[in-house]
Amino acid sequence: MTALLECQRVGFTYPSQGVGRSAFAIRDLSFEVQPGETFAVIGPNASGKTTLVRLLSKVLEPSTGRVLLGGDDLAGLSRQAVARQIAIVPQDVPRGFPHTVEELVLMGRFPRAPGRFFEGTEDRAAARRAMEQVGVMELRGALLDRLSGGERQRVMLARALAQEPRLLVLDEPTAHLDLRYQAECAGLLRRLGREAGLTIVLVSHDLGFAAELSDRLLLMAEGAAVRVGPPETVIDEAVLESAYGCRVIVDKHPVSRRPTVHLIYPRA
């Protein structure tokens, strides 16, 4: 089976930040994501997770190596062509965005016909399907600034689904969400992965959330892959302590039996 997404020895270096400061770099990063898989990317701050999202969306291009989508090199595709196949769900939409839910979701149709000024019947139908999938149809006339954090996150997901992508990339989907909305987000992503057959790349600081939802994980540190594999092999005490520089205890969830991580706080 051809991997839907593959990074082959990818490297990228930002410009130097000044004398005596080394530039951050992604180094020799290789992994693949199979069709229908939920694949999580975890790691400490400044490990390269955000840079990886930018490389997958072609905001940045590798200086070495290749990113392949369905066997095609992203270097040979336009940004519009990439956007028709890969949808990015950012952490949030900026405040003061003067649009309704439906208007924002319809923006997800732009890569399908960037030369048009108005949406067609097919666009409106795709937007309705996306809003129904994530449960925001009743909010379609609401202004974004009137919504809660969880509702805004679902609207951003609906916009991505309206693109009708092959690959969904979520950047910190539970950031700033309370426990209720985190649970709703987890249930929704499970349903999209299992029922809709979407391939999902999930970038998260929440190790428990990532381990619970993913088929496999990539642990990054200092711009490189530390380990790739099932949650049980990546969520390992020694591996995490080395990557994060702090002591942890890894246990199993009493219901799902997936790994859970507990931080050991230093005593004064």
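1. A good place to start is phenylalanine 12, which is buried, with a relative accessible area of 11%. Please keep in mind while looking around that this is a predicted model.

2. From there, turn to the ring partner: phenylalanine 12 forms an aromatic pair with tyrosine 14. Their centres are 4.9 Å apart and the planes meet at 90 degrees, so the pair counts as edge-to-face, the term used for angles over 60 degrees. Tyrosine 14, for its part, is partly exposed, with a relative accessible area of 22%.

3. Tyrosine 14 also pairs with phenylalanine 24. Here the centres lie 6.4 Å apart, and with 35 degrees between the planes the pair is tilted. Both tyrosine 14 and phenylalanine 24 lie in the loop between β1 (5-13) and β2 (25-33), so this pair ties together parts that are 10 residues apart in sequence. Phenylalanine 24 is partly exposed, at 26% relative accessibility.

4. Put together, ring pairs link Phe12, Tyr14 and Phe24 into a cluster. How many aromatic pairs does the structure have by this rule? The count comes to three.

5. One more ring is worth a visit, this time for its charged neighbour. Arginine 180 lies over the face of tyrosine 181, at 5.0 Å from the ring centre.

Terms used
Residues numbered from 1 in each chain as written. Predicted model: local features only at pLDDT ≥ 70, side-chain atom pairs only at ≥ 80, totals over all residues. Heavy atoms only, no water. Phe/Tyr/Trp six-rings, centres within 6.5 Å; stacked < 30°, edge-to-face > 60°. Buried < 20%, exposed > 50% of the residue type's maximum accessible area, 1.4 Å probe, protein only. Helix = DSSP H or I, 4+ residues; strand = E, 2+ residues; numbered from the N terminus. Lys NZ or Arg CZ within 6 Å of the ring centre and 35° of its normal.
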